[in-house]
2 protein chains.
Amino acid sequence: MRDGTATKNKINRVAMELFAEKGVTETTTKDIAAGAGIAEGTIYRHYKSKDELVKKLFLSLYEEQGNYLHEIASADKDSKQKIADMIVNFCQLFAEDKALFTFLLLTQHGQLKEVPDDMVTPVVVLRDLIAQGQDDGTIKQGDPDLMAAMVLGVVVQPAVFHVYGRLTQDYKSFTQDLTEAAWSIVGLDE
Amino acid sequence: MRDGTATKNKINRVAMELFAEKGVTETTTKDIAAGAGIAEGTIYRHYKSKDELVKKLFLSLYEEQGNYLHEIASADKDSKQKIADMIVNFCQLFAEDKALFTFLLLTQHGQLKEVPDDMVTPVVVLRDLIAQGQDDGTIKQGDPDLMAAMVLGVVVQPAVFHVYGRLTQDYKSFTQDLTEAAWSIVGLDE
DNA sequence: TAGTATAGTGAGTGCTTAATCACAATAGAT
DNA sequence: ATCTATTGTGATTAAGCACTCACTATACTA
């Protein structure tokens, strides 16, 4: 084997899962190597440092998710449907890959501080979506940043509690409730 | 000086601020000692270990806040007013002592995992408040745990973004918006 | 004043960590 | 078959960490 991408993917996956489970600082390079079934030194054939691994992993995964979000936001639907689609997307991601979802949440937990300003994060997409909806009159007035934060909170907080075992039923079954709650924050009275 | 409470208070305050700012693992005993202007060894005259410091600090501060919450929840008011009071209380705490508020949030960030089940946390108080309101018909039906998580998300998420500089205006000025958003989730149509 | 318990000190200890490096294995190129 | 570049190894290293301990300083007691 001359191509090391399989090993690198293994490192990425294991690292992501451990970071999500224990946090970045609590996860050692030894843990990652053991989980991936490789020697500790091999990590350093693919990454200059643990810090680089963390940052590249975060950036690549976030970019991937950002693309999905961008697709949803630029679809030819009304604002209400787009916000609903975003929430469905969150719930699906959480249901399908809890480790990935939790890892992405680490940004909001201060474990990953250096988030580029121009990065496509959920809150940025949501804010633009809300501002756009305000222009065409489908979403009520208010500070788009604050409204985006509140909508995100409605979805994220149950997910956080779900991770820590407070909410035990299937997260996907919340989707309808989360969507309605989100809409009640930004939506117009009907 | 034979009484060391002044030193202990200094340790507690500095530790709380550093934990809130950098996280628990990233804060060293050396940092705390330097911040408090004492020797590293002095910390161990007051606490058996760093772990004990973290846990006692967390427990005492959370208990204090729990008492406020309990007061609010047991007041002779209707559910809507109680929820509003809780949110005002959050906003005030955040405005007055950002470090304390952020430190208390660490529990939701997985940095402090061992939270006793019977502890009076905001989500528990909220859940009971919601369940109670559902009984007397002032709050709409639905899973109280999920609803409490959503309401908390509306308040907490803006606070998180506020800490990381995304929302720059005075947090207290959100109070009205946060209260309305929270009520739109649990409240009955009027 | 002498005695004692408590509070504070900081160099030192042992352990864990991220990162290194000389070496080995592998597989395509010539 | 030999060469070469890449990938993988694991003992080793240097740094940083929580924690200790012999010692000093302080202030109350008798």
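**Salt bridges, contacts and helices**

Reader: Why is the meeting of the side chains of Arg13(A) and Asp97(A) called a salt bridge?

Author: The term requires a side-chain nitrogen of Lys or Arg within 4 Å of a carboxyl oxygen of Asp or Glu. The side chains of Arg13(A) and Asp97(A) meet at 3.0 Å, N to O, so the pair fits the rule. This is a predicted model, in which local features need pLDDT of at least 70, side-chain atom pairs count only at pLDDT 80 or more, and totals for chains, interfaces and linings use all residues; side-chain values rest on heavy atoms, without hydrogens and water. Residues are numbered from 1 along each chain as its sequence is written, while chains are lettered from A and ligands numbered from 1 in the order in which they are written.

Reader: What makes Glu52(A) and Lys56(A) a salt bridge?

Author: Their closest N and O atoms are 4.0 Å apart, and the pair is counted by that rule. Both residues lie in helix H4 (residues 50-73) of chain A, four residues apart, about one turn of the helix. A helix here is a DSSP run (H or I, at least four residues), numbered from the N terminus. Over all chains the count comes to 18 salt bridges, yet between chain B and chain A it is zero.

Reader: How do you know that chain B and chain A are in contact?

Author: Contact means heavy atoms within 4.5 Å, and here it takes 35 residues from chain B and 34 from chain A. The buried area, which is the accessible area (1.4 Å probe) lost on putting two parts together, summed over both, is about 2,800 Å², with 63% of it on carbon and sulfur atoms. Leu146(B), Gln157(B) and Arg166(B) supply 18% of the area that chain B buries against chain A, more than any other three residues.

Reader: How do you know that domain 1 of chain A meets domain 2 of chain A?

Author: In contact are 10 residues of domain 1 and 11 residues of domain 2 of chain A. These two domains bury about 870 Å² between them, 77% of it from carbon and sulfur atoms. Met16(A), Ala20(A) and Val24(A) supply 53% of the area that domain 1 buries against domain 2, more than any other three residues.

Reader: Why are H1(B) and H4(B) called roughly perpendicular?

Author: Angles of 65 to 115 degrees earn that name, whereas those under 35 count as roughly parallel, those over 145 as roughly antiparallel and the rest as oblique. The axes of helix H1 (residues 5-22) and helix H4 (residues 50-73) of chain B come within 11 Å and cross at roughly 90 degrees. H1(B) and H4(B) are therefore roughly perpendicular.

How values were computed: Axes are lines fitted to C-alpha atoms, for helices over the stretch in contact, and angles run from 0 to 180 degrees between N-to-C directions. Helices (H or I, at least four residues) and strands (E, at least two) are DSSP runs, numbered from the N terminus.
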